[in-house]
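This report goes through a few features of one protein chain, starting with its cysteines and ending with its surface patches. The sequence and structure come first.

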Amino acid sequence: MEPHRGQYADLSLFLRIVQFRSFRRAADHLDMTVSALSHRMKSLETRLGVRLLNRTSRSLSPTAAGEALALKVAAGLELINAGLDEVRAQVSNSAGSVRINVLRDAVPLLLSPVLPGYAEKYPRVEIEVAVDDHFVDVTLEGFDAGLRYTGTIPEDMVAAPLTGPLGWVAVASPAYFARAGRPNAPEDILAHQCIRVRTGRGQIYRWEFDRDEDHRVIDAPGLLTSGSTDLAVSAAIDGVGIAYCLEAVVRPHLLTGRLQLALPEWMSMGPPLAMYYPSRRQLPFGLAALIETIREVDPTLSWKRDR
C-alpha cells in the first residue's frame with residue numbers, strides 16, 4: 001500500500017495516544033485539540049482498514065492490531081531517532097568550539113590525561129581552556145561551561161559529575177619526617193610546619209581527617225600560605241613542611257617516594273568534580289563529547305590508593 005503523505009506523522013501521534021492511554025493527555029502533550037487528534041486517528045484507521053483503538057467514555061486501549069502496530073512504530077522511531085542523532089553529531093563534529101573555565105587542580109586530574117585522545121578523535125573541534133581558581137559566572141564571561149567541586153556550584157546551574165568523591169590527605173617529604181618526626185594523630189599536625197592553600201573564594205582550607213566513624217577538623221598553622229596547589233606540593237617535596245591536598249594530585253609523588261602520607265590511616269572524602277552549565281538545553285557537541293571522554297577515564301579508581 002502506497003503510504004499517505006501524512007501517514008508517518010499520524011503513526012507518531014498514534015504512538016503517543018497508546019503511551020498516554022488518553023486522548024486528552026496525548027493532545028495536551030502534542031499541543032493539539034482532542035477533536036483534531038481524534039479526527040487524525042479516524043483517518044488513519046480508515047486508510048489502514050483496521051480498528052486500532054478501543055474507545056469508551058471511561059477508558060482507551062489499543063486493539064490487538066493496535067498493540068502490535070505500536071510496538072513496531074516505537075522500534076522504528078527509535079531507529080530513526082538514533083540515525084538522526086548520528087547525523088547531527090557528524091555535522092556538529094565537522095566544526096565547532098568549546099570554551100570552558102577550569103579549576104587548577106582539575107587540569108592534571110581530568111584534562112591532561114584526556115586531551116590528546118580528544119583532539120585525535122575530534123580534530124575539528126576547537127577547545128579553549130581557561131584555568132582559574134576563582135569562581136566564575138560562566139554565562140556572564142562567555143564560557144560554555146565551568147569545572148568545579150560540586151559543593152561550590154550554584155543551585156541554578158546544571159552539574160554533570162565527572163568523578164566520584166575524592167580523597168584528601170596530608171603529605172610531606174621523607175626528609176621533613178626525618179627532621180621533624182611523623183604525626184601519630186590529626187591533632188599532632190598542630191605542632192608541625194604546615195603549608196596552607198587559600199581557595200579561589202578567599203578561604204583557607206581547614207584540614208579534615210576521617211577514619212571509620214571518627215571525623216576530625218584541624219585548623220593547621222601556616223608556615224606558608226599560597227593560592228596554588230602546585231606551589232604547596234612543590235614546597236612539600238622540598239621539605240618545607242606538611243601539605244594538604246587531593247590524593248589524586250600527589251599520587252605520582254607517593255608512588256615514587258618523593259612524598260609520603262603523614263597519617264596513612266586517615267583520609268577525608270570530599271565532593272566530586274563536575275562540569276556545570278546554565279541550563280538543560282542541548283549541549284554543544286564538543287562539550288558533550290568532552291564530558292563523555294573524561295567519564296571514560298575514572299580518576300576515582302585509577303588514582304585510588306591501595307588500602
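## Cysteines, a long-range pair and surface patches

The count of disulfides comes to zero in this structure, which is a predicted model. For that count, a disulfide is a pair of cysteine sulfur atoms within 2.5 Å. In general terms, a disulfide is a covalent bond that links the sulfur atoms of two cysteines. Cys-194 is buried, at a relative accessible area of 0%. Cys-245 is also buried, with a value of 3%.

Accessibility values for several residues are collected below.

| Residue | Relative accessible area | Class |
|---|---|---|
| Cys-194 | 0% | buried |
| Cys-245 | 3% | buried |
| Ile-127 | 30% | partly exposed |
| Pro-108 | 40% | partly exposed |
| Asp-137 | 40% | partly exposed |

Pro-108 belongs to helix H5, which covers residues 106-121. Its C-alpha atom is separated by 9.1 Å from that of Ala-248, although the two residues are 140 residues apart along the chain.

Two surface patches involve residues from the table. Ile-127, Val-129 and Val-131 make a nonpolar patch of about 180 Å². Of these, Ile-127 lies in strand S4. Ile-127 counts as partly exposed because its relative accessibility is 30%, and the partly exposed class falls between under 20% (buried) and over 50% (exposed).

The other patch carries negative charge and gathers Asp-137, Glu-141, Glu-155 and Asp-156 on the surface. Asp-137 sits in the loop between strand S4 (125-131) and helix H6 (138-141). With a relative accessible area of 40%, Asp-137 is partly exposed.

Methods. Residues are numbered from 1 along each chain as its sequence is written. This is a predicted model: local features need pLDDT of at least 70, side-chain atom pairs count only at pLDDT 80 or more; totals for chains, interfaces and linings use all residues. Side-chain values use heavy atoms; hydrogens and water are left out. Patches are made of residues with over 30% relative accessible area and no salt bridge: like charges are joined within 9 Å, nonpolar side chains (Val, Leu, Ile, Met, Phe, Trp, Tyr) within 5 Å. Accessible areas come from the Shrake-Rupley method with a 1.4 Å probe; for residues, only the protein chains shown count as cover. A salt bridge is a side-chain nitrogen of Lys or Arg within 4 Å of a carboxyl oxygen of Asp or Glu. Lys and Arg count as positive and Asp and Glu as negative; His and the chain ends are not counted. The place of a charge is taken as NZ of Lys, CZ of Arg, CG of Asp or CD of Glu. Helices (H or I, at least four residues) and strands (E, at least two) are DSSP runs, numbered from the N terminus. Buried means under 20% relative accessible area, exposed over 50%, partly exposed in between (1.4 Å probe, protein chains only).
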